[in-house]
Amino acid sequence: MSRGRRGSRVGALEGGGEAGAPPAAAAAVASVPWAAPQRPEAAAERVLLRGIFEIGRSSCDMVLSERALRWRPVRPERPSGDSKYDLLCKEEHIELKDIFSVKLKRRYFASGNGTLLGITLFICLKKEQNKLKDSTLDLINLSEDHCNIWFQQFKKILAGFSNRPKSLKIFLNPQSHRKEAKQIYYEKVEPLLKIAGIETDVTITEYEGHALSLLKECELQGFDGHRELLCAVHCGSVYKVCNEMQTLETGVVCVGGDGSASEVAHALLLRAQQSAGLETDRILSPARAQLPLGVIPAGSTNVLAHSLHGISHVVTATLHIIMGHIQPVDVCTFSTTGKLLRFGFSAMFGFGGRTLALAEKHRWMSPTQRRDFAVIKALAKLKPEDCEISFLPFNSSPDLQEKRAQGSPKPDCNARWQMIQGQFLNVSIMAIPCLCSVAPRGLAPDTRLNNGSMALIIARNTSRQEFIKHLKRYASVKNQFNFPFVETYTVEEVKVYPRNKTSAYSLEEEDQPHETASENSFPWNVDGDLMEVTSEVHVKLHPRLINLYGESMEEMNDSKV
């Protein structure tokens, strides 16, 4: 089709007339499968632009309003009552909030000169199983002036989504999981960030603690002029960051597993306490993290990413970051003798802690091998811990939960504390569902990301065969808690006090002890990281303490595909 013919079609519509298209155009219209039919409230929206573009092989009347882009094929002269033709000409639309980038589409030649073809829209689609996918929509028109007007309007609209990040500074750990973090980032994450126009500055760490040392020395204020951004991957402690970081169009992204994500979250929350002038050793009412955290799954389990997105999928996690989807999440503080140990989302004591301690001693194995080895060996030497557990039951009163979310002090609740004691094989404390490949329903399926409560799951002493049956239930659709030795509670605080003078795992382990272990320490599995404590551990939930990039699974499941 010649350039002049396209230009005359545009001019006819903008002048108020309707240009005729060949009858074959309607029959050849490409029905966009993800476009939605017209909404009833569409007529009330203010029209920003209107013009003619080709989609597929059909000329379409495009209408850009404040919330959506709508189109229908230009109708040639046809007898009324043709139902098949009316169906082909049905109006379709996409929401502007689902567009994350716009580019001018050109055809380039060997000489280097390019011919304008139209505009390409990059769109985020919601697919089955909470999965997100990127797609494109080509709007073909050869008029430079016409395309520039529409292009600038799209750019203006996208700039209005202030919650979407504009720049990222990224640290990659080449040793993450099966040394796949670099490949995951450069092949799947970086191309999408470039399309979205997000600036990146990548550093590959060379040793444990490299990111921490770089962050102490680097100057972030000059990055992108006025914006600063910290992105980290599991490579040691990142408990401190340098310089003041502003919240305007910024975020934090972690490319790694559960340990790295939890570590970066801990660093962000510690920084929030410092910025608020609070002590970081003893925290009663912590300040909320100022920057949101994005989690790109590149570890062996990816529990946090799976719980956040409903699926462990790199593209889905990346698109949530690009689209600026924010989800507030509850966080726990772990402390002993009044001293803060760390922030986290979940923990296991007993079998879960000993299994991780065994796995950490065999880092030379592959992640799957050392996990299976540690589980088998921990089951072979299964012994209970003698514990005293105190907990504060969850008060579901709406007024109380609203006050807690606002940071108001709680009334005296000493009278509500409950205590149990005995021999326990495993104790799990979880503020998130803890979904993963081996537990598709979650280790705590009744827990949500921000319902203001934790799940306390206790497995009392029983035979090895019965405990194995309980573990196998996590991978099935059956109720894993339907055993007489398993107890579940919904709580706000938990105190676990081991009454053994020496940890059972240090007595029975034949190999050399962990390099940080002591004979009187007890192993805890906190978000996939080993934490060894010699005395009581106090776990307290703090509602909506940090924002993560993602959507609640309830919202995603209710949305139409």
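This is a chat about strands, rings, cysteines and the nonpolar core in a predicted model.

Visitor: Hi! What should I know about the model and its numbering before we start?
Guide: It is a predicted model, where local features need pLDDT of at least 70 and side-chain atom pairs count only at pLDDT 80 or more, while totals for chains, interfaces and linings use all residues. Residues are numbered from 1 along each chain as its sequence is written, and side-chain values use heavy atoms, with hydrogens and water left out.

Visitor: Let's begin with strand β17. In which sense does β17 pair with β15?
Guide: Antiparallel: β15 (residues 346-350) and β17 (residues 418-430) are joined over five bridges. Strands here are DSSP runs of E with at least two residues, and helices are runs of H or I with at least four, numbered from the N terminus. Two strands pair if DSSP finds at least two bridges between them.

Visitor: Which residue of β17 stands opposite glycine 350?
Guide: That is asparagine 426.

Visitor: And how many bridges join β16 to β17?
Guide: Seven, with β16 (residues 385-393) running antiparallel to β17. Cysteine 387 has glycine 422 of β17 as its bridge partner. β17 also pairs with β18 (residues 454-460), in the antiparallel sense over six bridges; there, isoleucine 429 is matched with leucine 456 in β18.

Visitor: Switching to aromatics: how many pairs are there?
Guide: The count is ten aromatic pairs. Rings of Phe, Tyr and Trp (its six-membered ring) pair if their centres lie within 6.5 Å; planes under 30 degrees apart are stacked, over 60 edge-to-face, and the rest tilted. Take phenylalanine 100 and phenylalanine 122: the centres are 6.3 Å apart and the planes at 45 degrees, so this pair is tilted. Phenylalanine 100 lies in β6 (residues 99-108) and phenylalanine 122 in β7 (residues 114-126), 22 residues apart, and the pair links distant parts of the chain.

Visitor: Are those two buried or exposed?
Guide: Phenylalanine 100 and phenylalanine 122 are buried. Buried means under 20% relative accessible area, exposed means over 50%, and partly exposed is in between (1.4 Å probe, protein chains only).

Visitor: What about phenylalanine 349 and phenylalanine 522?
Guide: Their ring centres are 6.2 Å apart with planes at 50 degrees, so the pair is tilted. Phenylalanine 349 sits in β15 and phenylalanine 522 in β20 (residues 522-526), 173 residues apart. Phenylalanine 349 counts as buried at 2% relative accessibility, and phenylalanine 522 counts as buried at 2% as well.

Visitor: Which residues do ring pairs link into a cluster?
Guide: Phe53, Trp150 and Phe154.

Visitor: Now cysteines. How many disulfides?
Guide: Zero, with a disulfide being a pair of cysteine sulfur atoms within 2.5 Å. For cysteine 436, the nearest cysteine sulfur is that of cysteine 434, 7.9 Å away. Cysteine 436 is buried, with a relative accessible area of 7%.

Visitor: Last topic, the largest nonpolar core. Which residues touch the most other members?
Guide: Of its 50 residues, they are Leu293, Val329, Phe343, Phe345, Phe467 and Ile546. Helix α7 (residues 258-275) gives the most to this core, with six residues. A nonpolar core is a set of buried Ala, Val, Leu, Ile, Met, Phe, Trp, Tyr and Cys residues joined through side-chain atoms within 4.5 Å.

Visitor: What is phenylalanine 345 in contact with?
Guide: Leaving aside neighbours within four places in sequence, its contacts include Ser262, Leu304, Met430 and Ile546. Contact means heavy atoms within 4.5 Å.
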